Amino acid sequence: MTEQIKPADTAFGRGRTPLPLRILGTAAVLMIVILLIGQILQFWQLDGKPLNAINAKGPQAQEIQGLNQIVFIIAGLVFVAVMGTVLLVAWKYRERPGDDEQDFVKQTEGWFVGEVAWTILPGFILAVIGVMTVISIQNLQPDQSKPDVLKVKVTGNQWWWAFDYDLGEGTDASAILNGHNGTYTDKQDIDTATELVIPANTEVQLKITSNDVIHSFWIPALNGKKDAVPNLMSDWKLQADNPGVYLGQCTEFCGLSHANMRMLVRALPMDEWLVWVDNQRKESLIPDPSNVDAVAGRDYFKSAACAQCHLIRGVSDDIVTGPENGVKTWLVSGRAPDLTHVASRGMFAGAIFNLHFPDPDPVCVKRNAGKPASEQDRCDDPADNANPGNPANPINQNALEAWLRDPVAEKPMCPNAVALGNCDPEAASEEIAEGADRRGRGMPNLGLTEEQINQLVAYLSTLK
Amino acid sequence: MAVDDTAMLALPAGELPRTDALGVFTRPRPKAGWRGWVTTVDHKKIGIMYGAAALFFFLIGGFEALLIRAQLWAPRQTLLSADQYNQVYTMHGTTMVFLVVMPIGAAFANYLMPLQIGARDVAFPRINAFSFWAFLFGGLFLNTSWIFGGGADGGWFMYAPNSGVIYSPSHGIDFWNLGLIITGIASLTGAVNLITTVINMRAPGMTLMKMPIFTWMTLVTQFLLLFAIPVITAAQFLLMFDRQFNANFFNVQQGANPLLWQHLFWVFGHPEVYLMILPAFGIVSDLLPVYSRKPIFGYTFIVFSGIAIGFMGWGVWAHHMFVSGIGPISVTVFSLTTMFIAVPTGVKILNWTATMVGGKLKFDTPMLFSIGLITMFTIGGLSGVSHSVAPSDTQQTDTYYIVAHFHYVLFGGAFLGFMGGFYFWWPKAFGYMLNEKVGKLNFWLMLIGFNLTFGPMHILGLQGMSRRIYTYDEGFGFTFWNKLATIGAFTLATSVGIFLFNIFYSYKKAKSANLACPDDPWDARTLEWISPNPTPEWNFDPIPVVTRVDDFWYRKYEETPDHRLIRIATTEEVIQRSDGTGVHLPSPSYWPIVTAFGLPIIAYGLIFTLWLALLGGIITAAGIYGWALEPPDDPDAGHGHDDHHQLDPGDDHAAAELTEGQSAGTDADAITKEMESVG
C-alpha cells in the first residue's frame, strides 16, 4: 500500500531553492572561507603590536608558542579534514531534482569497527598533545633554588601594579641577585610601581598576589598570565631575551577600571640595570632651591592629602603602606604607588598615560619614509598609549597636569566611597562627615588650584 | 476543616473517597484565554511559555550584546561609561546563559520529551508549572535591577572578592544572586520532574535504548542540573550571607580564600556548559536522520558519548582556573581530563557525518541549521582543545580568543541547534509551518553574521585583546577586527529579526490562505509525530505501543532484506485521529504561580526591607498550603464528553491520583485504551 507522496509543498516555501537564496548561500560559504583565510594570514603576520600573544620575546613565551604552534597545526588539519568531509558529504549525497523520495537508499545503522577506530584515533592524537603539555607545564615551573635570578613580589591593586624587589646587599650583579632573603622591605630592597624594570637575559621569579580583588599579571611577549589572588602567593617567572619594553594588561576582571590597568616590563642591559638599582635605593631627590616651583611643590605634597597615601621616601616616610605593614591609608588596598622615583618611569596611572615622551614608533617612521613633511604622521605622540614613554625623554606635562586636575575624569575610579556607600562623591562626603570610614579605590579629585598643579608637576618631574 | 485522611485508605473496602475541596479553592476550570495559560499544568503550554519567555530574554540579551559591540566599534568610544559597560556585559552573559540557552533547552524538553516517550504529561504537572513561573519571575526580578540602581557589575562568573559589598556597593549583585537562586530552584524542581518522567512514564515497549536521542540527552542534561544547581545555589547562599549579613565567607580581609568561590562556581559552571549544549546535540541527532532519510549512525555510540560527556563534565572544572594559582599537579590533571572530553564530542561529530554518508539529503531549513551546528561546533571544539593545553591557555584565557571559543560552542553549537529545532517542530507546536524560503534567508544571514561577529575574535584574542574591557587604544591594532565583529553582530541581529518576521508572516499566511498544517511535513521518524498537528491536549489516544527506535517511521516503512525500505502505510493511516474521549488529564491549578510569585518578593525583601521578605514568605507558604490541600482533581474535569466520571467518582479519583502522581502510562483509562489498541 504505497502512497504517492505529495510534491514539495510550495505553500510553505518548500521546493527548489530560488536563485537569490542560492547566491546568498554560496556567498556566505565563500565569505566564511575568506574570513578564515584572512584570519590565518593575520595570525602568521607578526605585526609588532605591543600586546600580541604570538610574538614571543623570552624563553617562557617561546616554550608556549612552540607548543601552541603544534596544537594549532594539528587542530588546523583536523578542522580541514572534518569540515571538508562534512561539506563534501553534504554535496555528494544531496537530493537531486527528479529523485524519487520513495526510492530508498541503503539503511545502515552503524559500523562498530569504525566507531572504535574514531574513538581511539582522536584519543591517540590527544595523548601526544597531552605528553607535550605535561612536559611544558613542568618547564614553566620556577625552580626556586636556581642561582642568579631576580626575585620580585608583584602585587595587584585597584588599578595599578606594585613591584617589590627582594635584593641582596651590595652593588654587583651576583650579590644583588643571589642575596635575596624572602623579605621585601629591607634597606637594599626596592619598591616601585607600574613598571617592572629587569635585567635582560636574566630569569625573573615572581611571587604574585593582590591587596584587594583578583587581578591577572600578563606580559604576552614574555609569558602567559598568572592571577594575582589576595591571600595567595603564586609563583611565576619570566625572562626577556633582549633589552626592550614589553607591555602588559590586567586580564582578570577587577572592577570599574579593569580596562585601564596595564603595566610594562622594561628590560635593561645588566650594567644599566645596576645603575637603575643604585638610584632606586636612594631617598628622593631634594629639588634645587633655584627651582622655586618644585620646592613649593614638595612642601605642598608634604602638607596636602597626597602624603596620606603616596610614599616619597624622605618626604612622607610615615606612610607605611601595604596591609602586611599595617594599613594606614584609607584606600581599600592600603596602598598607593610609591612616588620616590616616579620620574624614572615612562608611564603612570596604571600604565595608561605616558609620563615622558615616547621614542618614535619604528613602524610609523617606516610608514613616513618618503612622504612630504606635511603628510607625515606624528610618531612620538605622547597620547599614543600603546607606545610607552621613555624616561630619558622630556616629561609629558599635559598628561600629568590633566591627571592632577581631575583623576576620576581621566580614569574611572571610585575614590570616595564609604563603608557601604557608593562611588558618588557627594553622597560619600556627607557620610564621611557623619563619621563613616572612607573606603577609597583610586585617586580622588583633590580640588587643586592651577598653581598647585604647576608646583606639583614641577616637583614630581624632579623625582628621577 | 479537618482533613479526612481515612477516605483514601478506606477505598479498597468499597467506600467512596471524598471529591469535594479539601483546600480553600476548587481547582480552576479554564483551558482557554489568559487564565488558561496562568493556571495550566499542561506540559505543552508550559513548554511554549518557556520558549516565549526565553525568546523575550534573548531580545534583551541581544540588545545588550549590540550595546557591547557598538561600544567596541572604535577605540575610546564613549557610548557607555566603564560602569555601564561592566553592567551590560555582566547582564548579557547572565541573561544568555540562565535566561536564554537553559530555558530554551527546558522548552524543548518540556514540550517534546513527554511526546517522544509517549506520555500524556510530565510526572508532576503542577511542579512543572511552578518551575516555569519560578524561572520567569526569577528572570524578571533579575532584570528589574536596571530600574533599582543598575545591573550586576561583577561578570557572570561573579568572582569573589570583587562581588563583595566593598567593591560593588550597588544592589546589582544582590539582584543577580537572588534572581539566580530563584531560577536555580526552577531548574532543580524541573530536573527532578523530567528525570522522573523519563524513568517512569515511557509508553509500553519503549525501553531506554529505544528512546529518541533528544530524550536521552534531556535525561543526561537533567541529571547534570540535578547535581550542578545545588552547588551554585550553595555558593550563592554564601554570597548572599556575605553581602546581606556580613558573614565573611569570601572576605579576604578576614582571611578568606577567594578561590573557594571559583571552585564552587566552576564545579557548577562546567557541567553547565554541557547541559547547555547537550539538548542541541539531541535535537540535531533527531533531525539529521529525517533529512538524510536513513537511521542515525551508531545510536548506541551517540547515546553513550552523551552519557560520557555528562560524566566527564564533572572532572574538568578547574580548566577555568589554570592561571588562578592552583598547583602544577592540579593543572596537569585538569589539562588532561579536558583534552579527553574532546573524544566523546568528536565521536558525535563523526557519527553525524556518517549519518549523512550514503543518504539522500534534503536541505530544508532544519537540516541547514543542523549542518551549521556540526561545522561551527567543530571550530569551537578545536579552539577548546587548544586551551585545554594549559600552557597555551595561559596566553589565551581571559582574552577574546575565549570569547570566540565559547560563542562558537554556545551560539554555533547550542543556538543553531535550537533554531533547527524551532523550524522542525514549529508545526507540531503551533499547527502551521514556518516559511522555508524566509527560513533559508534566516539561516544564511545568521551564519554570515555569526562568523563575522565571532570569527574575528580569535584574532583579537591572539593580538592580546583582553576580555571585559570597555575600551581600547588605537595603538594596539584591534580596530579593524572589532569593526568587523560589530558589523557581524548587527547582521546577526537582522537574522533574528527575520526569524521573528517569519513567525508572524507564516502565521498570517496560514490564516489568510486557510492552509491546513500537514500532519507529517518532514516524513519524520520519532513518536511525537504520531499525534496530529498541533498536538491535541491529550497527546496520545491511545498510548502507542513501541517496538523499536524510530517507531513512527517503521509504522510507515518496512525494511526489505536488502536494507531498503518500502512504504507500508500512508501518513493518514498512522496518525492518531481520536477525540480523546475519556482521557483523563490533570486539572489546572492556581497554586504553582502563587507559590512562585512569593519568591521574588522574598528577594526584594532581602534587598530592601525584611518586612517585604516576610510578606513574600507568607505568599509562598500560602501557595504551598493551598497546593497541598487542594482537591487532587476537579471532579468535572474529565476531558471530552465522557460521563463515566460522574457515574464512578471513586475510579475517577484513583485515576486522577495516578495521572498526577505517577504515570499516565499506567493510568487506568490509558490501560483500557491500550488494550483496545493492542487488541
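Select β4 and β10 of chain A: strand β10 covers residues 262-268, and the two strands run parallel, paired over five bridges. The model on screen is a predicted one. Within this pair, find A:Val197, which sits opposite A:Arg266 of β10(A).

**The three-strand sheet of chain A**

Now add β9 of chain A to the selection. The three strands make an open sheet in the order β4-β10-β9, and the pairing in this sheet is mixed. Look at the margins of the sheet: β4 (195-199) and β9 of chain A are the edge strands, and each has a single partner strand, so one side of each has no neighbour in the sheet. Going from one strand to the next, the twist averages 20°.

Select residues 270-281 of chain A next. This is helix α5, which packs on the sheet and touches β4 and β10 of chain A. The direction of α5 makes about 130° with that of β4(A).

**A:Gln249**

Stay with this sheet and centre the view on A:Gln249, which belongs to strand β9 (residues 244-249) of chain A. Is A:Gln249 buried or exposed? A:Gln249 counts as buried, because its C-beta has 29 C-beta neighbours inside 10 Å, and 20 are enough for that class.

Which residues is A:Gln249 in contact with, leaving aside its neighbours within four places in sequence? In chain A they are A:Leu51, A:Trp218 and A:Arg262, and in chain B they are B:Gly464 and B:Ser466. Draw a distance from A:Gln249 to A:Arg262: the C-alpha atoms are 4.2 Å apart, while the two residues are 13 residues apart in sequence.

**The five-strand sheet of chain A**

Hide that region and select β3, β2, β1, β5 and β8 of chain A. In that order these five strands form an open sheet, again with mixed pairing. At the edges are β3 (190-193) and β8 (234-238) of chain A, each of which pairs on one side only. The twist from one strand to the next averages 25°.

Start with β1(A), residues 150-157. How many of the residues of this strand are buried? Eight of the eight are, so β1(A) is largely enclosed by the rest of the structure. Colour its two faces separately. A:Leu150, A:Val152, A:Val154 and A:Gly156 lie on one side, A:Lys151, A:Lys153, A:Thr155 and A:Asn157 lie on the other, and all of them are buried.

Then look at what β1(A) pairs with:

- Strand β5 (residues 204-210) of chain A runs parallel to β1(A), and seven bridges join the two.
- Strand β2 (residues 160-166) of chain A pairs with β1(A) in the antiparallel sense, also over seven bridges.
- The link from β1(A) to β2(A) is a hairpin through two residues.

A:Lys153 is a useful residue to pick here. Its bridge partner in β5(A) is A:Lys207, and in β2(A) A:Lys153 stands opposite A:Asp164.

Move across β5(A) to β8(A). These strands run antiparallel and are joined by five bridges. Label A:Gln205, which stands opposite A:Lys237 in β8(A).

**Between the chains**

Show both chains and select the residues of each that touch the other. The contact takes 102 residues from chain A and 107 residues from chain B. On the chain A side, the elements that give two or more residues are α1 (19-44), α2 (59-92), α3 (112-139) and β7 (226-228). Of these, α2(A) gives the most, with 15 residues. Coloured by type, the chain A side divides into 52 nonpolar, 32 polar and 18 charged residues.

**Chain B**

Hide chain A. Chain B has 23 helices and two strands, and 62% of its 679 residues count as buried. Among contacts in chain B with a separation of 6 or more, 81% are between residues 24 or more positions apart.

For the last stop, select helix α11 (residues 342-356) and helix α12 (residues 365-388) of chain B. Their axes come within 11 Å and cross at roughly 160°. That angle is over 145 degrees, which makes α11(B) roughly antiparallel to α12(B). The crossing is left-handed.

Show side chains where the helices meet. From α11(B) the contact uses B:Ala342, B:Thr345, B:Ile349 and B:Trp352, and from α12(B) it uses B:Ile374, B:Thr378, B:Gly381, B:Gly384 and B:Val385. By type, these residues divide into five nonpolar, four polar and no charged.

Note on methods
Residues numbered from 1 in each chain as written. Chains lettered and ligands numbered in written order. Predicted model: local features only at pLDDT ≥ 70, side-chain atom pairs only at ≥ 80, totals over all residues. Contact = placed C-beta atoms within 7 Å. Helix = DSSP H or I, 4+ residues; strand = E, 2+ residues; numbered from the N terminus. Nonpolar A, V, L, I, M, F, W, Y, C, P; charged D, E, K, R; others polar. Buried ≥ 20, exposed ≤ 12 C-beta atoms within 10 Å, placed from the backbone. Pairing = 2+ DSSP bridges. Axes fitted to C-alpha atoms, helices over the stretch in contact; angles between N-to-C directions. Parallel < 35°, antiparallel > 145°, perpendicular 65-115°, else oblique. Left-handed = near helix turned anticlockwise from the far one by under 90°.
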